[in-house]
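Subject: Handover of a structure

Dear colleague,

Please find below the structure that I am passing on to you. My notes on what was found in it follow directly after.

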Amino acid sequence: MGVNTNLTKAKSSKNDEFYTQWIDIEREIQAYLDFDADIFRGKTIFCSCDDPEWSNFTKFFALHFCEYGIKKLISTSYAQESKLYKADYQITLFEKSDPKFDDTKTLTNGKLFILDRDAGDHNDKIDIDDLKWEYLSGDGDFRSNEVKRLRDQADIIITNPPFSLFREFIGWILEADKKFLVIGNMNAITYREIFPLIKDSKIWLGATGNGNDMVFGVPKGTEVSEEDRRKAARLGYVGDFTRLGNSCWFTNLDHGRRHKPLPLMTLADNIKFSKHKEIKAKKAYRKYDNYSAIDVPFTDSIPSDYTGVMGVPISFLFKHCPDQFEIIGATESEGRGFSGDLWLGGTAQAMIDRKRVYKRLFIKSKGDPR
Ligand SMILES: C[S@@+](CC[C@H](N)C(=O)[O-])C[C@H]1O[C@@H](n2cnc3c(N)ncnc32)[C@H](O)[C@@H]1O
């Protein structure tokens, strides 16, 4: 397929082909190890929707297999022909030079990679050279029974899944009651399938990168906006890279950041000293027309001594400490109304002076967490 056809295809379909950078994985994983050095010890890790020939999750855990005390690493990749965005496909030397290589299956089948023992090669430790592989019988779709059986063996699922199937992917993890760490789009926070889980502290955001640009590798020929290309280059990634300003980690693994209460000023001190003119100049926090709560437009302006309900930006979740605040609700997402007590009133909108306030979470203090 030519590059032009690829570009058209990329525009017309949801492009899930972007690859996580090593440094982002390393930074995030380190946060869990800092909290619990044995978090991966004796565990089976499954990197689904991954492909160690192109991407980094499997490689990362293979490299640290002995150091982290991992019991087994499983990884599956998705067949080239099933991908929505079909980049010009190049078969790796790794696959082509293997006697198992099959020139039909390389396009139609996913692959399974397993690391669980030393293959008796150049050294006595288990590492990436001991990774065994075979073709899956299907295309590696995470929803297939074949991949579900692999999921069921795992203790922790770690990957960057297709953003276009994010809701389904989280459902797929939780129906099997697994621990997980995955990358997703920040917008997912207010999806009706995801928000109730966040509200009930069943899932939360990861420890690093939150709210910052994340850079991803893309297949050659992928259309990347000039601005994203420039921003990726400014972060040191020149060439086939893009950046997403709205991606973040979602997890149900505990980490230290979520036990660090936000340092906050009292309401009186905010009004006196706030660096935000919206609060200092007005000498008050505004109230909603249709809900009994104050609007707090900046996370660092949450008053420490306010006992009622507060509407805060969604990015509050990057700093949320569940010992400090309880999450009560959110405004609607995706322009869809939502009835039920998670959401604000029948209109699911927060209004001030009859104008809609853009996405808000509603929180309440749990008292001094120290
Ligand atoms: C965002 S990319 C991330 C790839 C890799 N995990 C990484 O982080 O570098 C998501 C991958 O999932 C694959 N994918 C898309 N739909 C899938 C499905 N239904 N089942 C399994 N994988 C899928 C895409 O082809 C893509 O390679």
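How far apart do the C-alpha centres of domain 1 and domain 2 lie? In this predicted model, the separation between these two centres is 34 Å. Domain 1 covers residues 3-258, and domain 2 covers residues 260-365.

The contact between the domains draws on 15 residues of domain 1 and 14 residues of domain 2. On the domain 1 side, helix α9 (residues 195-199) supplies the largest share, with 4 residues. By character, that side of domain 1 consists of 6 nonpolar, 5 polar and 4 charged residues.

I turn next to the interior. The largest nonpolar core contains 67 residues. Those with the most contacts inside this core are Ile45, Phe61, Leu73, Ile158, Leu361 and Ile363. Helix α8 (residues 166-175) contributes 5 residues, the largest share of the core. Because domain 1 and domain 2 both give residues to this core, it lies between them.

Ile158 may serve as an example from this core. Setting aside neighbours within four places in sequence, Ile158 is in contact with Ile45, Cys47, Phe57, Phe180 and Leu181. There is also a second, separate core of 7 residues, among them Met214, Val215, Val218 and Phe241.

A further residue to look at is Ile183, which belongs to strand β7 (residues 179-185). Is Ile183 buried or exposed? Ile183 counts as buried because it has 25 C-beta neighbours inside 10 Å, where 20 or more are required. When residues up to four places away in sequence are not counted, Ile183 touches Thr20, Asn160, Ser247 and Trp249. Ile183 and Phe163 are separated by 20 residues in sequence, and their C-alpha atoms are 8.4 Å apart in space.

The last topic is the ligand. Which residues come nearest to the ligand? Of the 20 residues around it, these are Tyr19, Thr20, Ser55, Tyr78 and Asn160. Two of these names have already appeared above: Thr20 and Asn160 are among the residues that Ile183 touches. The shell around the ligand is made up of 9 nonpolar, 6 polar and 5 charged residues.

When you open the model, you may wish to begin with the two domains, 3-258 and 260-365, and then follow the core that lies between them. From there, the surroundings of Ile183 in strand β7 and the residues around the ligand, including Tyr19 and Tyr78, may be viewed in turn.

With kind regards

Note on methods: Residues are numbered from 1 along each chain as its sequence is written. This is a predicted model: local features need pLDDT of at least 70, side-chain atom pairs count only at pLDDT 80 or more; totals for chains, interfaces and linings use all residues. A residue is near a molecule or strand if its C-beta atom, placed from the backbone, lies within 6 Å of it. Ala, Val, Leu, Ile, Met, Phe, Trp, Tyr, Cys and Pro count as nonpolar, Asp, Glu, Lys and Arg as charged, and the others, Gly among them, as polar. Domain bounds come from an automatic or database domain assignment. Two residues are in contact if their C-beta atoms, placed from the backbone, lie within 7 Å. Helices (H or I, at least four residues) and strands (E, at least two) are DSSP runs, numbered from the N terminus. A residue is buried if 20 or more other C-beta atoms lie within 10 Å of its own, exposed if 12 or fewer, and partly exposed in between; C-beta atoms are placed from the backbone. A nonpolar core is a set of buried Ala, Val, Leu, Ile, Met, Phe, Trp, Tyr and Cys residues joined through C-beta atoms within 7 Å.
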